[in-house]
Amino acid sequence: MARFDLQNLENGHIGGTAQADILFEMGIMYATGRDCAVDLVAAHKWFNIAAIKGCDRAAELRAEIMATMSKADIAVALREAREWMTSH
């Protein structure tokens, strides 16, 4: 499901609120290990992008997982989010 939603997101077929919701769900998926391994760097990345797109809950969860991450992992997550934002 996430792959389908991400394809639509990348192709610009959805609106702003739906986009933030999908990005938030991507963060949830990686934070909880739903259908994938738990990956806090990826979760932070998707929560960060969703927060930028206006999802307040994503900002809250990003802060929660950030408290458990190393500075190096946070830097990687921020860099990946920045790269994604510039290419999409």
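In which helix do Glu60 and Arg57 both lie, and how many residues apart are they? In this predicted model, both residues belong to helix α4, which covers residues 56-66. They sit three residues apart, or about one turn of the helix. Their side chains form a salt bridge in which the closest N and O atoms are 3.0 Å apart. Neither partner reaches the exposed class: Glu60 is partly exposed at 45% relative accessibility, and Arg57 is partly exposed at 40%.

It helps to recall the general idea here. Side chains of opposite charge can pair when their charged atoms come close. The count of salt bridges in the model comes to two. Besides the pair in α4, Arg34 and Glu25 join their side chains in a salt bridge, with an N to O distance of 3.4 Å. For Arg34 the relative accessibility is 39%, which counts as partly exposed. Glu25 is likewise partly exposed, its relative accessible area being 37%.

Attention turns next to helix α5, which runs through residues 71-87 and contains 17 residues. From its first C-alpha to its last, α5 reaches 24 Å, close to the 24 Å expected at 1.5 Å a residue. Four residues of this helix, Ile74, Ala77, Ala81 and Trp84, are buried. Because these residues cover an arc of only 90 degrees around the axis, they fall on the same side of α5. The other side of the helix carries exposed residues, namely Lys71, Ala72, Arg82, Thr86 and Ser87. For a reader turning the structure on screen, α5 thus offers two sides to look for: one with the buried residues and the other with the exposed ones.

One of the buried residues of α5, Ala77, also leads to another helix. Val41 is located in helix α3, which spans residues 40-52. Although Val41 and Ala77 are separated by 36 residues in sequence, their C-alpha atoms are 5.0 Å apart in space. Ala77 is also among the residues in contact with Val41 once neighbours within four places in sequence are set aside; the others are Met69, Asp73, Val76 and Glu80. Is Val41 itself buried or exposed? With a relative accessible area of 15%, Val41 is buried, because that value is under the 20% limit for a buried residue.

Conventions. Residues numbered from 1 in each chain as written. Predicted model: local features only at pLDDT ≥ 70, side-chain atom pairs only at ≥ 80, totals over all residues. Heavy atoms only, no water. Expected span 1.5 Å × (residues − 1). Buried < 20%, exposed > 50% of the residue type's maximum accessible area, 1.4 Å probe, protein only. Arc of directions from axis to C-beta. Contact = heavy atoms within 4.5 Å. Salt bridge = Lys/Arg side-chain N within 4 Å of Asp/Glu carboxyl O.
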